[in-house]
Amino acid sequence: MELITETKRDGQKREHDHPAIGLPVAQDEEGISMVIKNVCCIGAGYVGGSSCSVLAWKCPDIHVHVVDVSHDTIKQWNSHNLPIYEPGLDEVVKECRGCNLFFSNDIDRAVREADMIFISVNTPTKTYGIGKGKAADLQYVEVCARKIAEVANGPKIVVEKSTVPIQAAQFITHILAANTKPGVSFQVLSNPEFLAEGTAIENLVNPDRVLIGGEESSGGESAMEELTWIYHHWIPQHNIITLSTWSSQLTKLASNAFLAQRVSSINAISAVCEAIGADVSQVADAVGRDSRIGSKFLHASVGFGGSCFEKDLLSLVYIAESLNLPEVARYWQHVNDINHYQRTRFGQRITASLFNTVTDKALAVFGFAFKKNTGDTRESPARCICSQLLEEGARINIYDPKVERQQIMNDLTSTKATSEPERIQKLIHIYTDPYQAVIDTHAIVILTEWDEFKSYDYKKMLSVMKKPAFLFDGRKIIDHEAVIKLGFNTHTIGKKFTPNTL
Ligand code: UDX
Ligand code: ADP
């Protein structure tokens, strides 16, 4: 393929392997030539904010406008303190913001000016009505579709990027088709995002694959070519998969369900290991060396968290039930049930080990985010385990390198978490220094796998703790032999406890 050399924003010349930059590459159904110059993204959350920042970075010839209903969120995207913490994101935003990347609340204008509109709004699990507790709530996606139908003044490609919503592309198409005006036409694509938090920039720059789902019509194929052209700026053709809309949407759900299932599988095995005296790390290592199985996502833990796994599993359960496939629904429901079992089991183990009561005992909790390198606490196992300990009357000193104090307080004292917010609030203390957090505590409980926890001076910590001192490693990141030698009674996932006789 012919290489094109372009001058990038940093003033350096780089080679580009797509021959069609700046040229029309496709036509819509009415035969109008389209060139994607303006992209708009509705929803400036984790998915929209990070993916469109990378898009702007990799496509200097495209003007990217990210919009959101939240004034606070947009204010933060336009500040030095971005609303999400993601390694590498600050640098990307800094380079592009004000050049070809813009953040605003002016949704109407952004939609009007865009050739292509990404929908990246939240799709939480429904908390009311039909499908309550399982189905994905598509109300925000619907608002976006209606907004696009209302203000669009020309042909638009609408790209459904939000996490989850199977069927969303079909119903966006329905709403848009019922609201067409002269000169206005729509093509709807599904382009699910596979980024994982904490490694979002890396995942966006070097994705394993990009899915582009569309209709099997000339309009659908043209729209897919347009989006392919955008990704082609930095992703090789063989990593871009075009498929039907249904397949694309289901692949997203299936991928998350498979990953969640691996974590639940190893966690289920961890319970067996604890009961019989095997070591889950050894089992996972040996199992993962079978090249048919592979080693990734076999790290036993306090359970998976995050905004996607549980939501997608429940969504899959709901879909299977709706399709009258109860065995399929039960299968995926169990993957989620094991996750709840794992969290509860760990909380119970802490209480049981501390002589069957944690009432009025101070415990230091290291980590509140659902995984390392993010400040996100959505569905974090730490929320559930801390709530369990607080219900038992424990006083907990929480330290997390990234999660804000207010976020922790909201998570643990909301009406969803407790019916006694005032009592619970008095039991929580948030620390910015882990060494202060451990003073006079009976135990350290590790709930997120932050790297810094591995290099703490546990000898120093032990010296200011109550004795016997306990360490519960819910992420299996500490050198257990070393802390046992120091004198800690150490419990970890997937390994039988041996009392410290040193
Ligand atoms: C996930 C998918 O990986 C991503 O492709 C999708 O777009 C969104 O959902 P994310 O939730 O950000 O990404 O993080 P991920 O790295 O998948 O971890 C999810 C949870 O599983 C975390 O709580 C993590 O700690 C846990 N986990 C992961 C384990 O407990 N053990 C493992 O071996 C791997
Ligand atoms: P995700 O993790 O899927 O990106 P987030 O909750 O982080 O989800 O972000 C979704 C964003 O979408 C939020 O910032 C929210 O304010 C925004 N949003 C929701 N509905 C609309 C809407 N109708 N128009 C614009 N933005 C919206």
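**Close-up views of a predicted model**

**Figure 1. The side chain of S264 reaches the backbone oxygen of V335 at 2.7 Å.** The structure shown here, as in every view below, is a predicted model. S264 has its place in helix 9. With a relative accessible area of 4%, S264 counts as buried, because a residue is called buried when that value is under 20%. Leaving out residues up to four places away in sequence, S264 touches V335 and, in addition, F304, I338 and N339.

**Figure 2. Ligand 1 is surrounded by 21 residues.** The closest of these residues are F194, E197, S301, K371 and R475. Helix 9, which spans residues 245-276, supplies the largest share of the shell around ligand 1, namely 4 residues. Polar contacts are formed with both backbone and side-chain atoms of the protein. In the side chain of S301, an N or O atom is 2.6 Å from an oxygen atom of ligand 1. A polar backbone atom of L195 is 2.8 Å from an oxygen atom of the ligand, and a backbone N or O atom of F370 lies 2.9 Å from an oxygen atom of ligand 1. Taken alone, ligand 1 exposes 660 Å², of which the protein buries 90%.

**Figure 3. Ligand 2 is surrounded by 16 residues.** G45, Y46, V47, D68 and N122 are the closest of them. From an oxygen atom of ligand 2, a backbone N or O atom of V47 lies 2.8 Å away, while a polar backbone atom of Y46 is 3.2 Å from an oxygen atom of this ligand. The side chain of R378 also takes part: one of its polar atoms lies 3.2 Å from an oxygen atom of ligand 2. On its own, ligand 2 has 580 Å² of accessible area, and the protein covers 85% of it. Two elements, helix 1 (46-58) and helix 5 (139-151), give two or more residues to the shell around ligand 2. Helix 5 gives the most, with 3 residues.

**Figure 4. L354 lies in the loop between helix 12 and strand 13.** Helix 12 covers residues 326-353, and strand 13 covers residues 362-366. L354 is buried, with a relative accessible area of 1%. Its contacts, leaving aside neighbours within four places in sequence, are with K361, L363, H442, A443, F470 and F472. The C-alpha atom of L354 is separated by 46 Å from that of N324, a residue 30 places away along the chain.

**Figure 5. The largest nonpolar core has 56 residues.** Within this core, the residues that touch the most other members are F366, I444 and Y458. Helix 13 (residues 381-391) contributes the largest share, 5 residues. Apart from this core lies another, of 44 residues, including V39, I74, L89 and L101. Not counting residues up to four places away in sequence, I444 touches A364, F366, V438, Y458, M461, M465, F470, L471, F472 and F488.

**Figure 6. Residues 364-480 are listed by UniProt as a domain.** The unreviewed UniProt entry gives this segment as "domain: UDP-glucose/GDP-mannose dehydrogenase C-terminal". Over residues 364-480 the chain is 32% helix and 17% strand. The C-alpha atoms at the two ends of this segment are 18 Å apart.

Conventions: Residues are numbered from 1 along each chain as its sequence is written. Chains are lettered from A and ligands numbered from 1 in the order in which they are written. This is a predicted model: local features need pLDDT of at least 70, side-chain atom pairs count only at pLDDT 80 or more; totals for chains, interfaces and linings use all residues. Side-chain values use heavy atoms; hydrogens and water are left out. Buried means under 20% relative accessible area, exposed over 50%, partly exposed in between (1.4 Å probe, protein chains only). Contact means heavy atoms within 4.5 Å. UniProt positions are given in the numbering used here, feature names are shortened, and annotations may be inferred rather than shown by experiment. A nonpolar core is a set of buried Ala, Val, Leu, Ile, Met, Phe, Trp, Tyr and Cys residues joined through side-chain atoms within 4.5 Å. A residue is near a molecule or strand if one of its heavy atoms lies within 4 Å of it. A polar contact is a pair of N or O atoms within 3.5 Å; within protein, one must be able to donate a hydrogen and the other to accept it, and residues adjacent in sequence count only if both atoms are side-chain atoms. Accessible areas come from the Shrake-Rupley method with a 1.4 Å probe; for residues, only the protein chains shown count as cover.
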